[in-house]
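Work through these short exercises with the model open beside you. Try each task before you read its solution.

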Amino acid sequence: MRFPDTRLKLDRAKRLIALLTEAQQQPDDFDALLDACVGSLREVTWILKKEASSLPPSFLNEWYAYEEALMRSPNNSALPWLRDLRNRLTKERPTPVRTRTHIKRIHIEKVDPGKAFAISGRGEPVWITRNPGGKEVRAHASEFDSQVVMRHFLLDSQPPRPLTIDGIDLTGADALTIVRAYADYLSKLVDRAESHAERLGH
């Protein structure tokens, strides 16, 4: 393996995506993990370039320069957009996310004393209790997860149209679909980098 640190960073980003997948029913957790995913995926190419600095100059000056041109092509319009998204979440504000919720059916026969049930403003089913100081405490009502479908969307006033990665149209796709496509693209990029490094004899 020619780029071990790059592979490790990519593997950690994929683990974040696995956690993001598990957190779809919990919007606050999803939002935090989404920011971490976008940031971690963006860092993969930085580490790749750092590790490639020990290779002959043609690797970065020719091969990687060509790959960078592909990343800016219309077939990859989402990549500069995701780069800018990462820059904003690092320097300006957390990523804004909109959640769409479809509730199939929730039936509650009895609620324990001192406990209440509610649907949050983002469509999350929650149990509400109060702590000893009287402050409201909300806990995700996971027992209803099978009855609730939540999808989360990145909010941006001007995403490119079409929004593409590797020629795949992601216009209107939810955030999880987009970061998965981003990770797939980076996996293929690292595969190509390792193959090219081997051809150079490194």
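**Exercise 1: Surroundings of a leucine**

Leaving aside residues up to four places away in sequence, Leu 189 touches Thr 45, Leu 48, Trp 63, Glu 67 and Met 71. Keep in mind that this is a predicted model.

Task: Decide whether Leu 189 is buried or exposed.

Solution:
- Find the residue. Leu 189 sits in helix H5, residues 175–199.
- Apply the cut-off. Buried means under 20% relative accessible area.
- Compare. Leu 189 has 1% relative accessibility, so it counts as buried.
- Check one neighbour. Leu 48 is 141 residues away along the chain, yet the two C-alpha atoms are separated by 9.7 Å.

**Exercise 2: A helix with a kink**

Task: Where is the kink in H3 centred, and which residues of H3 are buried?

Solution:
- Locate helix H3. It covers residues 57–71.
- Find the kink. It is about 35° and centred on Tyr 64.
- List the buried residues of H3: Phe 59, Trp 63, Tyr 64, Glu 67 and Met 71.
- Look at what covers them. Helices H2, H4 and H5 are included.

**Exercise 3: A salt bridge between helices**

Task: Why does the salt bridge of Arg 7 and Glu 194 tie together distant parts of the sequence?

Solution:
- Start with the distance. The side chains of Arg 7 and Glu 194 meet at 3.0 Å, N to O.
- Place each partner. Arg 7 lies in helix H1 and Glu 194 in helix H5, so the pair ties together parts 187 residues apart in sequence.
- Check burial. Both Arg 7 and Glu 194 are buried.
- Widen the view. Arg 7, Asp 191 and Glu 194 are linked in a network of salt bridges.

Conventions: Residues are numbered from 1 along each chain as its sequence is written. This is a predicted model: local features need pLDDT of at least 70, side-chain atom pairs count only at pLDDT 80 or more; totals for chains, interfaces and linings use all residues. Side-chain values use heavy atoms; hydrogens and water are left out. Helices (H or I, at least four residues) and strands (E, at least two) are DSSP runs, numbered from the N terminus. Buried means under 20% relative accessible area, exposed over 50%, partly exposed in between (1.4 Å probe, protein chains only). Contact means heavy atoms within 4.5 Å. The expected span of a helix is 1.5 Å times one less than its number of residues. The bend at a residue is the angle between axes fitted to the seven residues ending there and the seven starting there. A salt bridge is a side-chain nitrogen of Lys or Arg within 4 Å of a carboxyl oxygen of Asp or Glu.
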